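User: I am new to this structure and would like to learn how to read it. Please take me through it one feature at a time.

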Amino acid sequence: MSFDTLLASTSAWFVAALPDHGIMSLVAIALIAGLARGFSGFGAALIFVPLGGAIIGPKLISPVLLVIDGLATLGMIPPAWRSANRREVFTMAAGAFLGVPAGTAALALMDPLALRWTITAVAVCLLALLVSGWRYHGEPRTYLTSLTGLLAGLFSGAAQLGGPPVVAYWLGGKTDFGRVRANIILYFAISTCFGVVSYYFGGLFVEAVFALTIVILPSYAIGLYAGSKLFGLAKESTFRTICYLLIAASAILGMPALDGILR
């Protein structure tokens, strides 16, 4: 096969695999989601999944986020491995080992409309948890750490929304912030591996996922980088408020009742 034939074949596959609407909206949403995650360490899924699900459906948008976030954050794993409390991380990951496949089954088997309403409800509840400022202030317990991983894994498998339970559990303890951040990064690296396996066997890695990854990954990566740089230029409380507002807006606009606004 000549190079020109290969190029033409690849281009034809790429065009055929992409959805026929909403691409530019997804690129813009990915940039905003990356900004939120790069600055505050959370919020990408709470922004990207409800809005992206309204455009192309939850069964496609969740695998896309899994792939682009996993690729864009690879460089964060080595320093996290060195700094994290690996015993706590692996304990939480043990719960996620069960939770992620269960959430993936819900994503693969639930009616798309019912799943989107469920994602909207979960996003609102998790946003309320973050805004409330509630944190677990007790000493880490093996069973509590595992249960948190199970819950976070369930949310991650179903809609990549596993961040808030983990943040609420670890940020309230006596561990310094640097160690907590490393724990979170390493945990989600492991959870992503579980997600890749579960999504593969769940048949969720369709061709459109990889075509969309090629289009969306640069925008998301730029958002991550810019968000990390903005961290030193703005008050954390101000930017977190902006993140909360963006998450709330995405939950509202992502409701099936408002279909058509983003298409």
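**Overall fold**

Analyst: Read from start to end, the protein chain runs in the pattern α-α-α-α-α-α-α-α-α-α-α-α. The model is predicted. Its secondary structure comes to 12 helices and zero strands.

User: How much of the protein chain counts as buried?

Analyst: A residue counts as buried when its relative accessible area is under 20%. Of the 263 residues in the protein chain, 48% are buried. The accessible surface of the chain comes to about 12,400 Å², and carbon and sulfur atoms hold 70% of that surface.

User: What share of the contacts in the protein chain joins residues 24 or more positions apart?

Analyst: Among contacts with a separation of 6 or more, residues 24 or more positions apart account for 84%.

User: How do I read a nonpolar core, and which residues of the largest one touch the most other members?

Analyst: The general idea is that in soluble globular proteins, nonpolar side chains tend to be buried together. Here the largest nonpolar core has 45 residues, and those touching the most other members are Phe48, Leu161, Leu212, Ile216 and Tyr220. Several helices supply at least two residues each, including α2 (23–40), α4 (58–72), α7 (112–132) and α11 (207–230). Helix α3 gives the most to this core, with nine residues.

User: Which residues does Leu212 touch?

Analyst: Leaving aside residues up to four places away in sequence, Leu212 touches Leu18, Pro19, Ile23, Leu26, Ile56, Leu60, Val64 and Leu217. There is also a second core, separate from the one above, with 20 residues; Ala93, Val167, Trp170 and Ile185 are among them.

User: How many aromatic pairs does a search of the whole structure find?

Analyst: The things to read in a pair are the distance between ring centres and the angle between the ring planes; an angle over 60 degrees counts as edge-to-face. The search finds six aromatic pairs. One of them is Tyr200 with Phe201, at 5.2 Å centre to centre and 80 degrees between the planes, so this pair is edge-to-face. Phe205 and Phe210 form a tilted pair, with 5.9 Å between centres and 40 degrees between planes. Phe205 and Phe210 also join Tyr199 in one aromatic cluster.

User: Are Tyr200 and Phe201 buried or exposed?

Analyst: Tyr200 is exposed, with a relative accessible area of 57%. Phe201 is exposed as well, at 69%. Phe210, from the tilted pair, is partly exposed at 39%.

User: Which residue lies over the face of Trp81?

Analyst: Arg86 lies over that face, 4.6 Å from the ring centre.

User: How many salt bridges does the count come to?

Analyst: For a salt bridge, look for a side-chain nitrogen of Lys or Arg within 4 Å of a carboxyl oxygen of Asp or Glu. The count comes to one. The side chains of Asp69 and Arg37 meet at 3.2 Å, N to O. Asp69 belongs to helix α4 and Arg37 to helix α2, 32 residues apart, and the pair links distant parts of the chain. Asp69 and Arg37 are both buried.

User: Where is Val197 placed?

Analyst: Val197 is in helix α10, residues 177–201. Its relative accessibility is 46%, so Val197 counts as partly exposed. Position in sequence and position in space should be read separately. Val197 and Val100 are 97 residues apart in sequence, while their C-alpha atoms are 9.7 Å apart in space.

Technical notes. Residues numbered from 1 in each chain as written. Heavy atoms only, no water. Core = buried A, V, L, I, M, F, W, Y, C linked by side-chain atoms within 4.5 Å. Buried < 20%, exposed > 50% of the residue type's maximum accessible area, 1.4 Å probe, protein only. Helix = DSSP H or I, 4+ residues; strand = E, 2+ residues; numbered from the N terminus. Contact = heavy atoms within 4.5 Å. Phe/Tyr/Trp six-rings, centres within 6.5 Å; stacked < 30°, edge-to-face > 60°. Lys NZ or Arg CZ within 6 Å of the ring centre and 35° of its normal. Areas by Shrake-Rupley, 256 points an atom, 1.4 Å probe, with all protein chains shown as cover.
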